Amino acid sequence: HPHPHPHPHPHPHPHPHPNPNPNPNQVIDACAAPGKKTAHLAALMHNQGTVLAYDRDAARACAMAALLRRLGATSVTATAQDFGHVPAGTSGAVRILLDPSCSGSGTTFSKADPAELAAFVANQTSLLRHALSFRRVVRVVYSTCSVHAEENEAVVAAALAAAPRWRLATALPAWPRRGLPHVGLSEEDSARCIRCCPRRDLCLGFFVACFERRGAWEQREAV
């Protein structure tokens, strides 16, 4: 149940419900802190329904909960927990936003060591596969602020290979810059992803892919 206000301190543990029914008004923000995307989700949902916001760092989760409270995002429940440990069968959420830790190579403030790239990729791949295992979920948006194909198209290709019940939907069809060709991705699937290029688009570098469950009970919508 949604709380009347985001708690100034995040929940230490979620409250699982076995075999929940699909809830079209429930969304998961899997790696939510600092909370700006979480607040945007709440606004897109007109501050109704429930946004379940997870972050594994307790201090960041606490700061996020305080920010959401100040913004009046009353539909958000913040939880200090690693999304990778959230049981896939205990949520009725039908959509997940997964914006995991990355190298930040698309930003001007990235301080990531290139040697850490493999660790980022392993975590991203694990979290994406976990998101795709949620039984009620019909749409998962995967995004990074990285320009490295290893964290973007390669992670998407690996996830698709491991999850045959999922396919890519076209993210932001009007955006001109699409994903890069990559081993394991068809030309059509690469084109279903988007990229933002700092040099060409005069913004930070981003990547977005939208996964859609095959035969999903809901009608396809624009991302």
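This report walks through a few local features of a predicted model.

## A cis bond before P34

Let's start with the backbone. The peptide bond running from A33 to P34 is cis, and its omega is near 10 degrees. If you want to find P34 in the structure, look at the loop that links β1 (23–29) with α1 (36–44).

## Two residues with positive phi

Next up is N47, which sits in the loop between α1 and β2 (50–55). N47 isn't a glycine, yet its phi is positive, at about 60 degrees. As for its surroundings, N47 is partly exposed, with a relative accessible area of 29%.

Further along the chain you'll meet L172, in the loop between β6 (166–169) and α5 (187–192). L172 isn't a glycine either, and it has a positive phi of about 40 degrees. The relative accessible area of L172 is 38%, so it counts as partly exposed.

## S143 and its neighbours

Now for a residue in a strand: S143 belongs to β5, which covers residues 139–144. Is S143 buried or exposed? It's buried, because its relative accessibility is 8% and the cut-off for buried is under 20%.

What does the side chain of S143 pair up with? It makes a polar contact of 2.6 Å with the side chain of D99. Leaving aside residues up to four places away in sequence, S143 touches L97, L98, D99 and P100, along with F207 and V208. So D99 turns up both in that list of contacts and as the side-chain partner of S143 in the polar contact.

Methods:
Residues are numbered from 1 along each chain as its sequence is written. This is a predicted model: local features need pLDDT of at least 70, side-chain atom pairs count only at pLDDT 80 or more; totals for chains, interfaces and linings use all residues. Side-chain values use heavy atoms; hydrogens and water are left out. Helices (H or I, at least four residues) and strands (E, at least two) are DSSP runs, numbered from the N terminus. Buried means under 20% relative accessible area, exposed over 50%, partly exposed in between (1.4 Å probe, protein chains only). A polar contact is a pair of N or O atoms within 3.5 Å; within protein, one must be able to donate a hydrogen and the other to accept it, and residues adjacent in sequence count only if both atoms are side-chain atoms. Contact means heavy atoms within 4.5 Å.
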